[in-house]
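Dear colleague,

I am handing over the structure we spoke about, and I would be glad if you kept it open beside this message while you read. My notes on it come directly afterwards.

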Amino acid sequence: MNINNAQLKVDNWIKEHGVRYFNELTNMAQLTEEVGEVARIIARRYGEQSEKESDKGKDLGEELADVLFVVLCLANQTGVNLQESFDKKLDLKTKRDHDRHHNNQKLK
């Protein structure tokens, strides 16, 4: 599924199962909350913090999907074509960073 299809799928879901989109500020707060849940899993599972028993069953993929869902909502309600924006950003990063990381001694 490409990003345009994902945006459409989220929009259809909102229309079928939700009353409307939450406002942009509420969705921004939700995004922050979801990113925090991802950070908690990463910090405990892959970082130096110990993982609590209550966190061991958390699904990182599910939490990342929550982040993606809210990002798609924000894009839809603000009129952003994420496919177009992502393609532009990837092109820019490719041109800008083509040799940059290969020449970074910290990554060797």
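What follows goes from the whole chain to its helices, and then to the salt bridges and one buried glutamine.

Please keep in mind throughout that this is a predicted model, and that the values below are computed from it.

**The chain as a whole**

The chain has 4 helices and 0 strands, so that, read along the sequence, it follows the pattern α-α-α-α. Its C-alpha trace spans about 50 × 45 × 25 Å along the principal axes, and its radius of gyration is 18 Å, whereas a compact globule of 108 residues would have a value near 13 Å. Buried residues account for 22% of the 108 residues. Of the contacts between residues at least 6 apart in sequence, 62% join residues at least 24 apart.

The UniProt record, an unreviewed entry, carries the annotation "domain: NTP pyrophosphohydrolase MazG-like" over residues 23-99. Over that stretch the model is 74% helix and 0% strand, with 41 Å between the end C-alpha atoms.

**Helices 2 and 3**

Helix 2 takes in residues 24-45, and its 22 residues reach 31 Å from the first C-alpha to the last, which is close to the 32 Å expected at 1.5 Å a residue. At its start, a side-chain oxygen of N23 comes to within 3.0 Å of the backbone nitrogen of L25. The buried residues of this helix are N27, L31, E34, V38, I41 and R44, and they pack against helix 3 (60-78). As for their spacing, an α-helix has 3.6 residues a turn, so residues three or four places apart point the same way.

Helix 3 has 19 residues, which at 1.5 Å a residue should span 27 Å, and the 27 Å between its end C-alpha atoms agrees with that. D59 caps its N-terminal end, with a side-chain oxygen 2.9 Å from the backbone nitrogen of G61, while just after the helix G79 takes a positive phi of about 75°. The buried residues of helix 3 are L60, E63, V67, V70, L72, C73, L74, A75 and Q77, and this set packs against helix 1, helix 2 and helix 4.

**Salt bridges**

The structure holds 10 salt bridges, and I describe some of them here. D11 pairs with K15, the closest N and O atoms being 2.8 Å apart; the two residues are 4 apart in helix 1 (residues 3-17), and are therefore separated by about one helical turn. The partners differ in their surroundings, because D11, at 18% relative accessibility, counts as buried, whereas K15 is exposed, with a relative accessible area of 61%.

A pair with the same spacing in sequence is found in helix 4 (residues 82-97), where K95 and D91 lie 4 residues apart, about one turn of the helix. Their closest N and O atoms are 3.1 Å apart. Here K95 is exposed, at 64% relative accessible area, and D91 is partly exposed, at 39%.

E53 and K56 form a further salt bridge, with 2.9 Å between the closest N and O atoms. E53 is exposed, with a relative accessible area of 63%, and K56 is partly exposed, with 46%. Finally, salt bridges link K93, R96, D97 and R100 in a network.

**A buried glutamine in helix 4**

With which part of the chain is Q83 in contact, once its neighbours within four places in sequence are left aside? Q83 has its place in helix 4, and its contacts beyond those neighbours are with N2, I3, N4 and Q7. The side chain of Q83 reaches the backbone nitrogen of I3 at 2.8 Å. At 16% relative accessibility, Q83 counts as buried, because the cut-off for that class is under 20%.

If you look at one place before the others, I would suggest the packing of helix 3, whose buried residues pack against helix 1, helix 2 and helix 4.

With best wishes

Note on methods. Residues numbered from 1 in each chain as written. Predicted model: local features only at pLDDT ≥ 70, side-chain atom pairs only at ≥ 80, totals over all residues. Heavy atoms only, no water. Salt bridge = Lys/Arg side-chain N within 4 Å of Asp/Glu carboxyl O. Buried < 20%, exposed > 50% of the residue type's maximum accessible area, 1.4 Å probe, protein only. Expected span 1.5 Å × (residues − 1). Contact = heavy atoms within 4.5 Å. Polar contact = N/O pair within 3.5 Å; in protein donor to acceptor, adjacent residues only side chain to side chain. UniProt positions renumbered as here; feature names shortened; annotations may be inferred. Rg over C-alpha atoms; globule rule 2.2 N^0.38 Å.
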